[in-house]
Amino acid sequence: MRRLERTFELWPTCLRLSFGMNNVPAIKLLPRSGSVPRIWRREVAQILIPKDALARRVRALARQIQRDYQDRDLVMVAVMSGTLVFLADLIRHVTLPLRLDFIGVSSYKTRTRPGPLVFTKELGLDVRGRDVLIVDDILDTGQTLARVLQRLQRLGPRSLRTCVLLEKKARRVESVQADYVGFEIPDVFVVGYGLDYAERYRHLPFVGVLREALLRSGAAAASPRPVQPRKTG
Ligand code: 5GP
Ligand code: MG
């Protein structure tokens with residue numbers, strides 16, 4: 001039974017996978033796709049990348065990073081907060097000594113299209129002379145990564161590279177390219193595995209496509225489910 005479930009989970013990924021340049025898996029949208037857990041079906045239209053495929057790809061990225069940063073002074077700088085799940089999985093497969101820091105960048109909240117960017121958290125570590133790897137959730141128009149690169153470059157690192165879990169090529173406006181890419185995906189709004197819509201859905205174990213109707217109506221943004229405070233003591 002378990003094996004059958006696993007086959008169903010992986011089968012749609014086989015259908016939607018091809019390999020683009022640099023061997024980055026390119027994920028296609030399929031008209032129909034099953035197996036969104038019932039509790040998420042009203043909000044998530046389809047699972048684009050199931051958790052097993054994420055796990056395998058993140059391990060492969062970690063192996064690549066491990067090879068490239070032998071004998072380096074690695075500082076990973078994660079862009080908050082969409083990287084949280086990806087980062088946690090990635091670093092646990094890297095056995096090199098490394099330092100970790102975070103930078104906060106925000107465009108207007110609850111939007112699915114980018115607005116003006118503001119830095120909400122600066123680095124705590126001194127990265128001068130170190131090998132910095134920026135980790136971000138998704139490279140879309142490229143504005144975020146371009147701004148972060150610019151800012152970190154000024155701090156005088158020895159080297160500066162970028163690693164993103166997802167990349168959408170369709171809406172690029174900055175000529176920025178990531179050095180490590182998990183998956184190339186089509187121009188759809190995705191949530192899960194750290195990615196949010198109005199601060200929701202970050203905890204989904206897969207990357208899924210948010211339903212268009214929800215985006216159009218702004219439903220999740222306008223009416224987040226009330227949080228019941230837990231009784232303690
Ligand atoms: P860019 O500046 O490259 O246009 O966008 C990068 C940021 O926009 C990402 O770090 C992410 O926060 C947000 N973003 C872009 N596309 C998506 C998406 O499909 N889903 C989610 N949840 N965020 C996205
Ligand atoms: Mg982000």
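# A tour starting at Phe86

Select Phe86, which sits in helix α3 (residues 84–91). Helices (H or I, at least four residues) and strands (E, at least two) are DSSP runs, numbered from the N terminus. This is a predicted model, in which local features need pLDDT of at least 70, side-chain atom pairs count only at pLDDT 80 or more, and totals for chains, interfaces and linings use all residues. Residues are numbered from 1 along each chain as its sequence is written, while chains are lettered from A and ligands numbered from 1 in the order in which they are written.

**Around Phe86**

Is Phe86 buried or exposed? Phe86 has 26 other C-beta atoms within 10 Å, so it is buried. The term buried applies if 20 or more other C-beta atoms lie within 10 Å of a residue's own, exposed if 12 or fewer, and partly exposed in between, with C-beta atoms placed from the backbone. Now show the residues that Phe86 touches: leaving out residues up to four places away in sequence, they are Val58, Asp137, Leu165, Tyr193 and Gly194. A contact means that the C-beta atoms of two residues, placed from the backbone, lie within 7 Å. Add Val164, which is 78 residues from Phe86 in sequence, with 9.2 Å between the two C-alpha atoms.

Widen the selection to the whole of α3, where Val85, Phe86, Leu87 and Leu90 are buried. The buried residues of α3 pack against α2, β4, β7 and β8 (159–168).

**Helix α2**

Next, select residues 51–68, the 18 residues of helix α2. The expected span of a helix is 1.5 Å times one less than its number of residues. For α2 this gives 26 Å, and the end C-alpha atoms are 26 Å apart, which agrees. Colour Ala53, Leu54, Val58, Leu61, Ala62 and Ile65, the buried residues of α2. Seen down the axis of α2, they fall within an arc of 165°, so they line one face of the helix; the arc is that of the directions from the helix axis to the C-beta atoms. An α-helix has 3.6 residues a turn, so residues three or four places apart point the same way. Turn to the face of α2 away from its buried side to find the exposed residues Arg56, Arg63 and Arg67.

**Strand β4 and its partners**

Select residues 74–80, strand β4. Six of its seven residues are buried, so β4 is largely enclosed by the rest of the structure. Two strands pair if DSSP finds at least two bridges between them. β4 pairs with β7 in the parallel sense over five bridges, and Val75 stands opposite Val132 in β7. β4 also runs parallel to strand β5 (residues 99–106), joined to it by six bridges; here Met80 has Gly104 as its bridge partner.

Stay at Met80 and look at its peptide bond to Ser81, which is cis, with omega about -10°. Ser81 belongs to the loop between β4 and α3. Most residues other than glycine have a negative phi, and most peptide bonds are trans.

**The open sheet**

Which strands make up the open sheet of three strands? Their order is β3-β11-β10, with antiparallel pairing. β3 (44–49) and β10 are at the edges with a single partner strand each, so one side of each has no neighbour in the sheet. Four bridges join β3 to strand β11 (residues 207–210) in the antiparallel sense, and Ile47 stands opposite Gly208 in β11.

Follow the loop between β10 and β11 to Ala198. Ala198 is not a glycine, yet its phi is positive, about 50°. Ala198 has 18 C-beta neighbours inside 10 Å and so counts as partly exposed. Glu199 is also in the loop between β10 and β11, and its phi is positive too, near 70°. With 12 C-beta neighbours inside 10 Å, Glu199 counts as exposed.

**Ligand 1**

Select ligand 1 and the 18 residues around it, of which Asp140, Thr141, Gln143, Thr144 and Leu195 come nearest. The elements that give two or more residues to this shell are β7 (131–139), α4 (143–153) and β10 (190–191). A residue is near a molecule if its C-beta atom, placed from the backbone, lies within 6 Å of it. β7 supplies the largest share of the shell, four residues.

**The whole chain**

Finally, show the protein chain in full, with its six helices and 11 strands. Of its 233 residues, 31% count as buried. Among contacts with a separation of 6 or more, 64% are between residues 24 or more positions apart.
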